[in-house]
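Trainee: I would like to take a close look at one part of this model, namely the way its strands are put together into a sheet. Could you go through that part slowly for me?

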Amino acid sequence: MNSSRREFIRQLSVACGSIMFVPACSGYDSVWRFFSEAEAKTVIAFAEQIIPRDKDAGASDANVINFIDKQLTGPYTRFQEMYKKGIPAIESSASNILQKAFYELEFGVQTEFMIKMEKGELPEEFWKEVNQRDFFRLMLDHTMQGFYGSPRHGGNKNYVSYKMMKLDYPHVIGQNRYESKCAQNSPSRPPQGEEKELTNAPV
Amino acid sequence: MKNKHVNAIVVGAGAGGGIVAKELAVAGLSVVLFERGGWATYDDHDDDELISQRTTVLGNAFGPDDIRHRRVVANSDGSTRIVLPSEGSYSNNAACVGSGTVSYGAMAWRFMEKDFKMKSTYGHVEGSTLEDWPIDYFDLEPFYEKAEWEIGVSGDHNANPFMAPRKKPYPMPAFTYNREGQLLHDTSKKLGLHPFSIPMLRNSVRNNGRPACYRMRSCVGFACPVNAKCGIHNTVIPIAIKSGNCELRTHCQVAEIMLDEKGRATGVKYFDENNKGQIQTADIVVVAAAAVETARLLLNSKSKLFPNGAGNNNDWVGRNLQGHAYTGAVGLMDYEVYDDVGPGACMAISDFNHDNEGIIGGGALCNEFTAMPYLFSKMRPLGAKNWGLEHKEYQRTMFKRMIRLHGPFQEIPSFEARVTADPEVKDFWGIPVARLSGKRHPYDRTGCEFMSQKAEEILKEAGAAKTWQSIGGGPGISGGQHQAGTARMGNDPKTSVTNKFGQVHEIDNLFVADGSLNVTNGGFNPALTIMALGFYVGDNIVKNWNGTKFK
């Protein structure tokens, strides 16, 4: 998200009030509907660990954060509390054990951290309000949904996961549209969000 | 304004109810057909995996909604929990015109002769209410034929040597195999088994004014974008409406069947699309709301003569809730076996359905419907890491190498697996919700182990480099889209809910016409059998209609 767009959204939210962004929890200081800027950084880093960019797109490229943020103010309202308790638990675990914010850790260190979290091996003192394994599974599942689900829900931007799995889309058998330049301008399925071409940068 | 009295009320516009409504309307009876949902179209949710009939994480594409509907599930320790329709343990069936037939996989199975005679074939099973049906296959055969021709089935009537005798071929030619299906066909043949193209309620050629299937990968769980799937919504319901005798009332929640002091049904109380309480009177009432909701409606319909619910004086309403224990095996090939020819499932064998030493019942084995990308992220061999680069590599390389063989094992009914009306929890309209309790019979697991073993042997023979079993029939309550058994038909009123015509014992003008009637649920997807039962129940009502009332 570049700063001019952020500024635009901020002005918009001031102008229209918080109904633009359903809950008041994130306030005016965040571009997100539900998350604060800091919480979003944690979720983005977590999701990128679940589906890292390699020769194909990763969770950040697919805008998984946008999917999770959007659903938490819709069908996933019931999971809001889990996130509100779980994200601080990740951050307090990271800052106490590793003296850094989780999202600022090196990729490999984050991975080690998450392996521990998945097994429930992070110190329990930071996880009194939410079970670390449950929260891990929840975020894992939501990341998968955001990456592999239909782009209409805010993730899977530009159908990156279908491209990765070599699934033709739009579904005309034998017509893989991803590599074709003309398909980029196909009127049947306008690209979602920003149109920036994804670069297949190595990790 | 008071609703005009009609001859018949049908509750539920699904596989059973839609057909009964059409049969009665065409025979000249005035009919009101109630449906709690509305018309579903492809455009509502297109091929959106996260709101489909197979992945309901963001809601049910075909209803019901999470706002107004609830059920209670009793845990094994006696505690209870409230579940929403989008949660798996709700045991949902689609709530829309056509119900599950809008989005189903559309397999068109006839049950086998022995499926109607489970007890006399296999004897008493300890802890089970296994029983024979009061009718046999040949009673239902003409109605299977009607279902196949009026709804529309593609298949080769000679291909499955284990199929029960039949008089007529299918109206449309069989579907060709996809690459996986062809491989499994060839392998099964080599093993001495009898593979065939699955009969499908789907147009293989232009039929009935609708086009042929163009083999989308996103078929099961979705409405068809070209209307090639044959369901209740695009066959019998338009005919019923066209007859001028059937009014389809959508978005109506039926709350109660009204019973008079003589013990006859006089109509229903319902909430209309504006949630306003209404009364509709009729000469006869047919309940076809699927096993869970049919039982709930009967149980919520109390009167002086039926203090425990309509037809429930012997405590059999809601009992014997069954579905299917899905079981099979998964394999990974060294090469891509997926060719993107939908809907995936196309080949079956029925060799493990009956007549297998030591096994009660059995089931068909089929290659599976195409996995969608999100659900595929959960399909892993035991111990595989399900996130990180390893996850990605698996998604990328194995999606097109996966080969699967699965099937619905015929469940052994259990008296304690049941639907009751919850004493406390109510839905949006204040109607007591269904409570699901009990568990499957332990034999289901034994049978599933047998089936999975067989499936894995075939995958190995097909050349799969790695295989594993996915064994169904665990504890917990069955039901789901194949839900059945809760208003069992039988000759003895003490051990059944309806007689052999689906007429509720002791209430002459109240009928059931859906899978609730199934004494046992066969080793097959039950849609065609429910359709046949719809024609069968409807036929009997029409034959005994004397112009003003049921004899």
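Trainee: In which order do the strands of the open sheet of four strands in chain B stand, and with what sense of pairing?

Mentor: The order is S4-S3-S15-S14 in chain B, and the pairing is mixed. Before we go further, residues are numbered from 1 along each chain as its sequence is written, while chains are lettered from A and ligands numbered from 1 in the order in which they are written. The model is predicted, so local features need pLDDT of at least 70 and side-chain atom pairs count only at pLDDT 80 or more, whereas totals for chains, interfaces and linings use all residues, and side-chain values use heavy atoms, without hydrogens and water.

The element names follow DSSP runs numbered from the N terminus, with helices (H or I) of at least four residues and strands (E) of at least two, and two strands pair if DSSP finds at least two bridges between them. At the edges of this sheet stand S4 (80-83) and S14 (418-426) of chain B, and because each has a single partner strand, one side of each is left without a neighbour in the sheet. Direction ignored, neighbouring strands are turned on average by 35 degrees against each other. Looking at one edge in detail, S3 (residues 71-74) of chain B pairs with S4(B) in the antiparallel sense over four bridges, and B:Val72 stands opposite B:Ile82 in S4(B).

A helix also belongs to this picture: H7 (residues 291-299) of chain B packs on the sheet and touches S3, S14 and S15 (432-437) of chain B, where contact means heavy atoms within 4.5 Å. The direction of H7 makes about 60 degrees with that of S14(B); such axes are lines fitted to C-alpha atoms, for helices over the stretch in contact, and the angles run from 0 to 180 degrees between N-to-C directions.

For comparison, chain B has an open sheet of six strands in the order S5-S11-S12-S13-S10-S16, with antiparallel pairing. Here S5 (196-197) and S16 (466-470) of chain B are the edge strands, each pairing on one side only. Within this sheet, S10 (residues 324-332) and S13 (residues 402-410) of chain B pair in the antiparallel sense over nine bridges, with B:Gly328 opposite B:His406 in S13(B). Helix H10 (residues 443-461) of chain B packs on this sheet, touching S10, S11 (347-349), S12 (365-367), S13 and S16 of chain B, and its direction makes about 25 degrees with that of S10(B).
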